[in-house]
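Here are my notes on this model, written as numbered points so you can follow along on the screen. Have the structure open and click on each residue as it comes up.

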Amino acid sequence: MKILIVEDEKLLAASLRELFERKGFDVECVYDGEDGALYAETGVYDLLILDVMMPGLNGYQVAKRVRSSRCGTPILMLTARSGVEDRIEGLNAGADYYLTKPFDRRELLACVNALLRRHGEQVDELTLGNTSLELSACRLVCHGSSVRLSAREFDVMRLLLQAKGAVLSKNVILAKVWGYDSNAVENHVEVYVGFLRKKLNSIGSNIRIEAIRRLGYHLEVDAGAE
């Protein structure tokens, strides 16, 4: 599970990251609203945690922008603004829950788990052509055949499926799967695309990961395959 924390107080962001990583989550942090919106709109995260008062876009604006891009990722607003009008504005902007600072870590974790359960019940697979990616099991399924994916393979495949045919550059894939502060290079993307191509072929999938020279990768359905 991937969480994006958008919080301009870097010490708090680091503390939250440590808390969630101890619980097994994959966490990324950004420190202003503009970057938060750009990251969130990729659709690769399972949960967004937004502060309200931030440089650039505030949390309300980020939530509105994310929702206008038809991204359904759950949003938890975590802010010191505790007034009723603030809560109403946050919920109307697209937040699923509004938790005020200071907060109890147990309540925060309970909120996160509740939002993830609710979201998981709504969407458990992504489908293209004759193939589905089961999100809860990290598995590709086609006509009764299936293959389990590693964590990196799963993240790359999910990103490509969520792009709905759009071309993703290697740099975008690196940033969203390995993280902006990673030492991974473009060759890592090529290697994992190769792994995925072999696994798709092994189950008879009609999905093809096509490389567009100097642009990146996108998914196509082979119309000639069943």
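1. Let's begin with a simple one: in which helix does Asp155 lie? Asp155 belongs to helix α6, which covers residues 151-162. Keep in mind that this is a predicted model.

2. Now, is Asp155 buried or exposed? Asp155 is buried, and yet this residue has no salt bridge. Its nearest side chain of opposite charge belongs to Arg158, 4.1 Å away. A salt bridge needs a side-chain nitrogen of Lys or Arg within 4 Å of a carboxyl oxygen of Asp or Glu, so a distance of 4.1 Å does not count. If you skip the neighbours within four places in sequence, Asp155 is in contact with Lys2 and Val177.

3. One of those two contacts takes us to helix α7, residues 170-178. Its buried residues are Ile173, Leu174, Ala175, Lys176, Val177 and Trp178. What covers them? The cover includes strands β1 (2-6), β2 (26-30) and β11, along with helices α2 (33-40), α6 and α8 (186-202). Just after α7 comes Gly179, which has a positive phi, near 100°.

4. Next, the nonpolar cores. In soluble globular proteins, nonpolar side chains tend to be buried together. Here the largest nonpolar core has 51 residues, and the members that touch the most others are Met77, Met157 and Ile173. Helix α6 gives the largest share of this core, six residues. There is also a second, separate core of 20 residues, and among its members are Val27, Leu108, Leu115 and Leu116.

5. Have a closer look at Met77. Which residues is Met77 in contact with, leaving aside its neighbours within four places in sequence? The list is Leu50, Val52, Gly59, Tyr60, Ala63, Gly90, Ala95, Tyr97, Tyr98 and Leu99.

6. On to salt bridges: the count comes to 13. Try Glu21 and Arg17 as a starter, whose side chains meet with N and O 3.2 Å apart. Both sit in helix α1 (residues 10-22), and because they are four residues apart, about one helical turn separates them. An α-helix has 3.6 residues a turn, so residues three or four places apart point the same way. Glu21 is partly exposed, at 40% relative accessible area, and Arg17 is partly exposed too, at 24%.

7. Asp51 and Lys101 make another salt bridge, at 3.5 Å from N to O. This pair links distant parts of the chain, 50 residues apart: Asp51 is in the loop between β3 (47-50) and α3 (59-68), while Lys101 is in the loop between β5 (97-100) and α5 (105-122). Are the two buried or exposed? Both Asp51 and Lys101 are buried. They also belong to a network of salt bridges that links them with Glu7.

8. Arg67 and Asp96 form a salt bridge as well, with their closest N and O atoms 3.0 Å apart. Here too distant parts of the chain are linked: Arg67 is in helix α3 and Asp96 is in the loop between α4 (84-93) and β5, 29 residues apart. Arg67 is partly exposed, with a relative accessible area of 24%, and Asp96 counts as partly exposed at 32%.

9. Now for some backbone oddities. Most residues other than glycine have a negative phi, and most peptide bonds are trans. The bond from Lys101 to Pro102 is cis, with omega near -5°, and Pro102 lies in the loop between β5 and α5. Cys138 has a positive phi, near 55°, and is found in the loop between β7 (131-134) and β8 (139-142). His143 has a positive phi as well, near 50°, in the loop between β8 and β9 (145-148). Cys138 is partly exposed, at 26% relative accessibility, whereas His143 counts as exposed, at 62%.

10. Last stop: strands β10 (residues 207-212) and β11 (residues 216-221). In which sense do β10 and β11 pair? They are antiparallel, joined over six bridges. Ala211, for example, has Tyr217 in β11 as its bridge partner. The two strands form a hairpin with three residues between them, and Arg214 in the turn has a positive phi of about 65°.

Key
Residues are numbered from 1 along each chain as its sequence is written. This is a predicted model: local features need pLDDT of at least 70, side-chain atom pairs count only at pLDDT 80 or more; totals for chains, interfaces and linings use all residues. Side-chain values use heavy atoms; hydrogens and water are left out. Two strands pair if DSSP finds at least two bridges between them. Buried means under 20% relative accessible area, exposed over 50%, partly exposed in between (1.4 Å probe, protein chains only). Lys and Arg count as positive and Asp and Glu as negative; His and the chain ends are not counted. Contact means heavy atoms within 4.5 Å. A nonpolar core is a set of buried Ala, Val, Leu, Ile, Met, Phe, Trp, Tyr and Cys residues joined through side-chain atoms within 4.5 Å.
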